[in-house]
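Thanks, everyone; I have one structure to go through today, and I will take it from the surface inwards. Please have the sequence and the model open while I talk.

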Amino acid sequence: MVKLYVLASLAFALSAPFASAQVAILGSGVSKDCYEAAKYQRVSAREGEDICTKALEAELMNITNKAATYTNRGVLRMRSGRLEAALSDYDIAKQMRPEEGATYLNEGAAHILRKDYTSALVSLDKAIELNSHDLYAAFYNRAIAKENTGDIQGAYFDFKMADELNPESDLARKQMSRFEISTN
């Protein structure tokens with residue numbers, strides 16, 4: 001049996017960066033500008049949120065693009081610290097497109113920022129179940145949530161999976177370096 005011990009304090013895990021994802025928009029217009037604001041961060045989060053709101057109010061969109069726009073606005077709201085507003089957008093997006101894993105990934109990130117790790121686990125489990133297009137971020141975020149709920153072994157294995165999914169990034173590897181593995 002493998003046991004894992006955390007070398008660093010839990011405070012380090014609380015300060016670990018989380019990952020989020022945007023949802024691509026097909027076509028052009030203000031909704032595409034919203035996506036680009038969320039993805040490229042060329043404007044402030046508040047300006048990006050305004051772009052997304054304009055798209056939602058004034059642009060005719062199919063259900064896929066509308067749900068994506070709510071998710072992207074949620075990402076921008078989350079970046080500006082407006083977590084309840086972001087969660088509201090994610091709820092609307094999930095009602096429109098419950099099969100979109102990125103929405104659950106971002107919802108999980110918002111719950112992590114709120115330090116509601118149990119809710120984060122529910123959202124991130126769903127993102128993984130739906131095979132979110134950014135599984136690396138889903139496993140990485142779930143590891144943070146697991147560690148903060150006391151599931152140290154689960155956290156380690158999720159960081160390991162995140163590292164396997166995205167070996168170019170060293171974030172998960174840095175997190176794993178805090179663990180000591182012993183066999184009994």
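Let me begin with a definition that I will lean on throughout: a residue is called buried when its relative accessible area is under 20%, exposed when that area is over 50%, and partly exposed in between. Please also keep in mind that what you see is a predicted model.

With that cut-off in hand, take Lys-115, which has a relative accessible area of 53% and is therefore exposed, since the limit is 50%. This lysine sits in the loop that joins α6, residues 101-113, to α7, residues 117-129, and its phi is positive, at about 65°, although Lys-115 is not a glycine. A second residue of this kind is Asn-131, found in the loop between α7 and α8, the latter covering 135-148; here phi is positive at about 55°, again in a residue that is not a glycine. Is Asn-131 buried or exposed? Its relative accessibility is 54%, so Asn-131 counts as exposed.

Now the chain as a whole. The chain holds 10 helices and 2 strands, and if you read from the N terminus, the order is β-α-α-α-α-α-α-α-α-α-α-β. Of its 184 residues, 50% count as buried, while the accessible surface amounts to about 8,900 Å², with 52% of that belonging to carbon and sulfur atoms. If we take the contacts with a separation of 6 or more, 63% of them come from residues 24 or more positions apart.

Two helices deserve a slower look, and I will start with α4. This helix runs over residues 63-79 and has 17 residues, and the distance from its first C-alpha to its last is 24 Å, close to the 24 Å expected at 1.5 Å a residue. Of those 17 residues, 13 are buried, so α4 is largely enclosed by the rest of the structure. At the start of the helix, a side-chain oxygen of Asn-62 comes to within 3.1 Å of the backbone nitrogen of Thr-64, and after the helix comes Gly-81, with a positive phi near 85°.

The other helix is α9, residues 152-165, where the 14 residues should span 20 Å at 1.5 Å a residue, and the end C-alpha atoms are indeed 20 Å apart. Its N-terminal end is capped by Asp-151, which places a side-chain oxygen 2.8 Å from the backbone nitrogen of Gly-154. That glycine is one of the buried residues of α9, which also include Tyr-156, Asp-158, Phe-159, Ala-162 and Asp-163.

From there we can move to the interior. In soluble globular proteins, nonpolar side chains tend to be buried together. In this model the largest nonpolar core has 25 residues, and those with the most contacts inside it are Leu-105, Ile-112, Tyr-140, Phe-159 and Ala-162. The elements giving two or more residues to this core are α6, α7, α8, α9 and α10, the last being 171-176, and α8 gives the most, with 9 residues. Apart from this core lies another, of 13 residues, among them Cys-34, Ala-38, Cys-52 and Ala-109.

I will end with Arg-178, in the loop between α10 and β2, residues 179-183. Its relative accessibility is 6%, so this arginine counts as buried. Which side chain does Arg-178 contact? The side chain of Arg-178 makes a polar contact with the side chain of Glu-147, at 2.6 Å.

Note on methods: Residues are numbered from 1 along each chain as its sequence is written. This is a predicted model: local features need pLDDT of at least 70, side-chain atom pairs count only at pLDDT 80 or more; totals for chains, interfaces and linings use all residues. Side-chain values use heavy atoms; hydrogens and water are left out. Helices (H or I, at least four residues) and strands (E, at least two) are DSSP runs, numbered from the N terminus. The expected span of a helix is 1.5 Å times one less than its number of residues. Buried means under 20% relative accessible area, exposed over 50%, partly exposed in between (1.4 Å probe, protein chains only). A polar contact is a pair of N or O atoms within 3.5 Å; within protein, one must be able to donate a hydrogen and the other to accept it, and residues adjacent in sequence count only if both atoms are side-chain atoms. Contact means heavy atoms within 4.5 Å. Accessible areas come from the Shrake-Rupley method with a 1.4 Å probe; for residues, only the protein chains shown count as cover. A nonpolar core is a set of buried Ala, Val, Leu, Ile, Met, Phe, Trp, Tyr and Cys residues joined through side-chain atoms within 4.5 Å.
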